[in-house]
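Morning, everyone. I have one model to show today, and I will start with a charged pair before going to the overall picture.

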Amino acid sequence: MGQRRGIYAWWVAFRFSVMLSCVMRVSAQIKYSVPEEVKVGSIVGNVAKDLGLDITSLDERRFRIVSGTEDSQFEVHQNNGVLYVRKSIDREELCKSASPCVVNLKMVAENPMEIHYVAVEIVDVNDHSPSFQEEEKILEISESTLPGKRFQLPTARDPDVGTNTVRVYKLNHNEYFSIQIRERGEDKIPFLVLQKSLDREKHNEHKLILTAVDGGNPPRSGTLNVTVIVLDSNDNHPIFSQEVYSVTLPENVKAETSVITVTATDLDEGANGDIEYFFGGELDPKIYDMFVLDKDTGEIRVKGEIDFEKIEVFKLDVHATDKGQPPMSTDCRVIIKVLDENDNKPEIEVTSLSQMVSEDSKPGTVVSLISITDRDAGLNGKVICSLSDNVPFELKPSFQDNMYSLVLKNRLDRELVSHYDIELTATDCGQPPLSTFKTLSIDVSDVNDNNPQFLQNPIELYLVENNVPGNIIFSVTASDKDLNENAALTYNIVRGEGSQVKNAAFLSINSDNGQISALKSFDFETVKTFKFHVVASDSGTPSLSSNVTVNVFVLDQNDNAPVILYPVSSNGSAEGVEEIPRNVNAGHLVTKVRAYDADIGYNGWLLFSLQDVTDHSLFGLDRYTGQIRTLRSFTETDEAEHKLLILVKDNGNVSLSATATVIVKVVEPKEAFAASDVKSSTKADEDNNVTFYLMITVGSVSALFLVSIIVLISMQCSKSTDFTSKYLPEPNYDGTLCHSIQYRSGDKRYMLVGPRMSIGSTIVPGSHANTLMLPDRRSATGEVSLCFYFELMYSLLTHKDLTLSS
């Protein structure tokens, strides 16, 4: 190996000699290796031969070593060019822990001048045994300590390197403790592990021997006496938040600079939980000149000068000990890495910034160009650029270093977010990294992409009849999430054809604010409900719109006075004559006053009362039905003719009324029968004609009744369970006509009241009092109150009057 290198060095020397014109020759480096502690005089190698020098001229040319080692461990023989060991070599003294250990020698030969470099690698031999800084380690362990607890033991030091350093720790056999090795970087740390619970009453002290063995051949070892004293009480040891703390520290920081704060916690209270921090006793003494540890807070501060060129990494062992009796402790490793100073922040330059981006821009749209510069070099000048999170933008790198394009990543929606403050962060790759922040403000411009929206659809409007034409009756309002002209709304009523739209022709709407005015006065008796549609359109391009249905319910007012149906009115007054036999008993039905009111509910609820009567003891009037009955039997002294004045009034807030006069003539029984025969004979012919029509009518009504029942049952079966009819039959009415109807709108329930209804019922449009009301909604399906058919059949069979209003 040495000969090959010598030939190569000779050729190199020859070539350089030609180039330098024989003034100075420099050869390539030759490397030898020699184990440490070799005998003095041992040959390392023949330098002259390996360099191709003429051995006979070495003495004449004064071939010698001019530099290399201070104590000159090596010497070259001028007679034969052999490099030999001049002085005992101790690798640990020359290189300490550095590996490999190389001694560089500079050799000179004169006439002509030649300089040669020779490297001698000192190979480590296992000439040192592991040793501990202290002869004995005393541990105080509470008897309450649970098995599995670890206690750090001192580490052994071995000046040798490589495989010759400490490789394993052993503990003498015992039933309470075992040894556990944990690696922290390149170091191996021994831990004493409690295997079995201690009992101070049995053994208050344990003697152990810790043996450190290196990896040499043969191996060397060193021992440490470990004494474990078993104590009571304090049974919780401090616990560090981390077992290994790593921190970077720039060089040339000022003294008292805080490096890191280690934190340990103790579950105990009082003195047992108070923690003090100390550096480990086995640290290199130089550490105490570089750092100081606050025993109360655990803060490590700089004490001396930190120089990266001297030491790159500091490894500190920190112990945390509580103040219990006995005290308990734990430890951690603090690794401090010294870095070159990175003192230049990146600079951000933004060009072609578009501060306004349309919300309909497609992903990939370029918003701006960004360039990053850093005056530092290497990793300290390499910059990484990033954006704040949760923004629909991203950075795309350019083909050129530190150049980026800010592009749109996702679709924009101005109605959700109209403005973005994007934080741009430029961070270099130095240690520690330096960052620069810049905020880019971008506004999102609006496009017309939202339809106007009504708060509810459909809308229910309750309008009292007899409204003043031209007055505002209602207002519709829509909203648009867009801005400016895209949110400027105009309102219009849909004009079309059909019965529902005809009533909308009498409505006018303010196109700016949606206020609706009625151009005519609505009459409940003519129109009870209708609907129309309002369209809201924005002013965008193209314009967007939406419509809402307005259901109008006309509310009844008491604007119709009762109309007397019987007795029949003539010459502006209602008057009738009734003849009854004198021998009738109390409770005899004399006659029945019939009346009609076009209003509904309370407004159409009629009450009958006697205003004037010749004898109050003879006749009584039912206030609800209008039936006049005798209160007692007639006597010989009673007059033969009585005049009754009946007042019929509705139940409106401002009551309207009508009067009827009934003249009751009391006749003898024979006269009554005779009068009855006369009436029968005059009506005999008429009844013969009516009977035929009556039979046809009864048959038709019966057939219609059966069909209606079948349709009603089928519709009820086909309805969903959550459907609630707006019109429900009310069974509480026993007057002349059965027309009570319930009305339901949304979550409100209304009842249309007829005679005999509860006074506490609520009045809402939907029916006429004393009138059978067939609602429009049900007339199409044939759903008609059953009481109508019963009343109709009853009236036809009894020849009584029936008034219908649709």
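D187 is partly exposed, at 32% relative accessibility. This is a predicted model, so please keep that in mind throughout. The side chain of D187 meets that of R333 in a salt bridge, at 3.7 Å from N to O. D187 sits in strand β13, residues 187–194, and R333 in strand β24, so the salt bridge ties together parts that are 146 residues apart in sequence. On the other side of the pair, R333 counts as buried, because its relative accessibility is 4%.

That pair belongs to a longer list: the count of salt bridges comes to 21. Which residues are linked with R301 in a network of salt bridges? They are E256, D294 and E299. Within that network, R301 and E256 have their closest N and O atoms 3.0 Å apart. R301 is in strand β22, while E256 is in the loop between β17 and β18, 45 residues away. R301 also forms a salt bridge with D294, where the closest N and O atoms are 4.0 Å apart. As for exposure, R301 is buried at 18% relative accessibility, D294 is partly exposed at 23%, and E256 is exposed at 51%.

Now the sheet that contains β24. It is an open sheet of four strands with mixed pairing, in the order β17-β24-β23-β20. β17 (244–250) and β20 (275–279) each have a single partner strand, so they stand at the edges and one side of each is left without a neighbour in the sheet. On average, neighbouring strands here are turned by 30° against each other, direction ignored. β17 pairs with β24, residues 329–339, in the parallel sense over seven bridges. One of the positions to look at is P250, whose bridge partner in β24 is L339.

Next, the packing. Which residues touch the most other members of the largest nonpolar core? They are F291, V318 and V334, in a core of 28 residues. Elements that each supply at least two residues of this core include β17, β20, β23 and β24, along with α4 (287–290). Leaving aside neighbours within four places in sequence, V318 is in contact with residues including F240, Y277, F279, L293, I300 and V334. Apart from this core lies another, of 27 residues, among them L489, I509, F530 and I600.

A few backbone points. Most residues other than glycine have a negative phi, and most peptide bonds are trans. The peptide bond from N217 to P218 is cis, with omega near 5°, and P218 lies in the loop between β14 and β15. The bond from N457 to P458 is cis too, with omega near 5°; P458 is in the loop between β33 and β34. R62 has a positive phi, near 50°, and lies in the loop between α2 and β4. R62 is partly exposed, at 43% relative accessible area. N484 also has a positive phi, of about 50°, in the loop between β36 and β37, and is exposed at 65%.

To finish, the whole chain. The protein has 806 residues, of which 42% count as buried, and its secondary structure comes to nine helices and 54 strands. Of the contacts with a separation of 6 or more, 66% are between residues 24 or more positions apart. The exposed area is about 43000 Å², with 51% supplied by carbon and sulfur atoms.

Definitions and conventions: Residues numbered from 1 in each chain as written. Predicted model: local features only at pLDDT ≥ 70, side-chain atom pairs only at ≥ 80, totals over all residues. Heavy atoms only, no water. Buried < 20%, exposed > 50% of the residue type's maximum accessible area, 1.4 Å probe, protein only. Contact = heavy atoms within 4.5 Å. Areas by Shrake-Rupley, 256 points an atom, 1.4 Å probe, with all protein chains shown as cover. Pairing = 2+ DSSP bridges. Axes fitted to C-alpha atoms, helices over the stretch in contact; angles between N-to-C directions. Core = buried A, V, L, I, M, F, W, Y, C linked by side-chain atoms within 4.5 Å.
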